[in-house]
Amino acid sequence: MLRELQKKAVRRVVGMMSGTSVDGVDAAVVEIGGSAAAPQVKLLAFENRPYPPAVREQIFRLFQPQSATVDRVGYMNFLLGELYASAARSVIEKAGLRPGDIDLIGSHGQTIWHQPEICEKDGYPIRYTVQIGEGAVIAGRTGIPTVSDFRVADMAMGGQGAPLVPFSEYLLYRREDETILLQNIGGIGNMTVMPAKAKPEEVYAFDTGPGNMIIDAVTAAVTGGKQTFDEGGRLGGSGTVNQKLLAWLQQEPYYARPLPKTTGRERFGTQYTAKILDWRKTHPISDADLVATVTDLTAWSIVDAYERYVLGRYRAGELIVGGGGSYNSTLLGDLTRRFAPHGVKVRTQEELGWSSDAKEAVAFALLADCCVRERTNTLPSVTGASEAVIMGKISLPARGNGACS
């Protein structure tokens, strides 16, 4: 089955991603052709399938070690496998295709814990990560070979297991004449630095800090749950940044940590938002000012990262923004204002003819395609791993070439 796939000049692949915002499953159908060094990718269909509210609530409970019991993790692993399989079938139908027309699925799964810092309490330098959404269930329900659980192979070689999207960005976005920054703003923000004429080992990337995560959480808190995110940045746009709160938030040690570095909900999740809301109790400010401030924090963290980790080596011409944050006009305005002194233009994926929504799903389609073609799909310069590896675990559907004997 896989040998036949490897021989195809053009493969149809479904890529799926669910990020730290826990909004749902992003699923994209793409055609991948061209060479290994310069693949040609065509987006055939994209769809977002929101998690049912009850499922989203259960996932959030798994972010807390005390409530992430083995039975709950095991149950949700298989339940998400079912939901991802449903999302794959739906986007395939949207593309006007049948499951039999698809060669492969690549599913990132849902991260419930990510520990990139070394833990040596038992004598081994252990980094670990947990993504759920059982690949065997996806393969079994769709009849399509499925690649999942990507991050662990990189971490086994001493890497951070993140960020992974820069590998696809290097293949699709690099330029000969200009250094560019690719900024994804999902729950967490991450930046890829793509120098002009970059070789793979010259690309580097890191998590800049909170993306939409704190904005979403604060918005939900001040609206009593009526809004789960600041749609279009309207609430934040109606307020004024509180400089005292912003200065306090800028003291977070993560921003000054050396590269490589990644972060997640375990640092900027519910506990962090609770501290912000506690601060407000003794420093009364309006709801709009609170959202405006945490929105500008995200913009500041991105510009701070550029000044701290990039500007001494490269001067960028553009920051290309993708992810849900690209739809927040207030955040884009804050970024434009803060990057203006550096002469960096802020543009969105859509301005370049790509899709902010589909970008990460497309990336995992590419990562899965490399996996089954037995090609490395990491950038050690980005993750800090000792060498490039082939990430992903392959689950095959029931049909095969008969029993093993």
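How many positive and negative side chains does the chain have, and how far apart do the centres of the two sets lie?

## Charge

This is a predicted model. The chain carries 43 positive and 44 negative side chains. The centres of these two sets lie 1 Å apart.

## Overall fold

The chain is built from 15 helices and 12 strands. Its radius of gyration is 21 Å, close to the 22 Å given by the globule rule for 405 residues, so the chain is as compact as a globular protein of that length. The C-alpha trace spans about 70 × 50 × 50 Å along its principal axes.

Contacts reach far along the sequence. Among those with a separation of 6 or more, 70% join residues 24 or more positions apart.

## Surface and interior

Of the 405 residues, 54% count as buried. The exposed area of the chain is about 17,200 Å². Carbon and sulfur atoms supply 52% of that area.

## Gly211

Gly211 sits in the loop between β9 (204-210) and α7 (213-222). Is this loop residue buried or exposed? Gly211 counts as buried because its relative accessibility is 0%, and the cut-off for buried is under 20%.

Which residues does Gly211 touch, leaving aside neighbours within four places in sequence? The list runs through Ile185, Gly186, Gly187, Ile188 and Gly189, and adds Thr298. A further pairing concerns Gly324, 113 residues from Gly211 along the chain. The C-alpha atoms of Gly211 and Gly324 are separated by 9.0 Å.

Notes: Residues numbered from 1 in each chain as written. Predicted model: local features only at pLDDT ≥ 70, side-chain atom pairs only at ≥ 80, totals over all residues. Heavy atoms only, no water. Helix = DSSP H or I, 4+ residues; strand = E, 2+ residues; numbered from the N terminus. Buried < 20%, exposed > 50% of the residue type's maximum accessible area, 1.4 Å probe, protein only. Contact = heavy atoms within 4.5 Å. Rg over C-alpha atoms; globule rule 2.2 N^0.38 Å. Areas by Shrake-Rupley, 256 points an atom, 1.4 Å probe, with all protein chains shown as cover. Lys, Arg positive; Asp, Glu negative; His and termini not counted. Charge placed at Lys NZ, Arg CZ, Asp CG, Glu CD.
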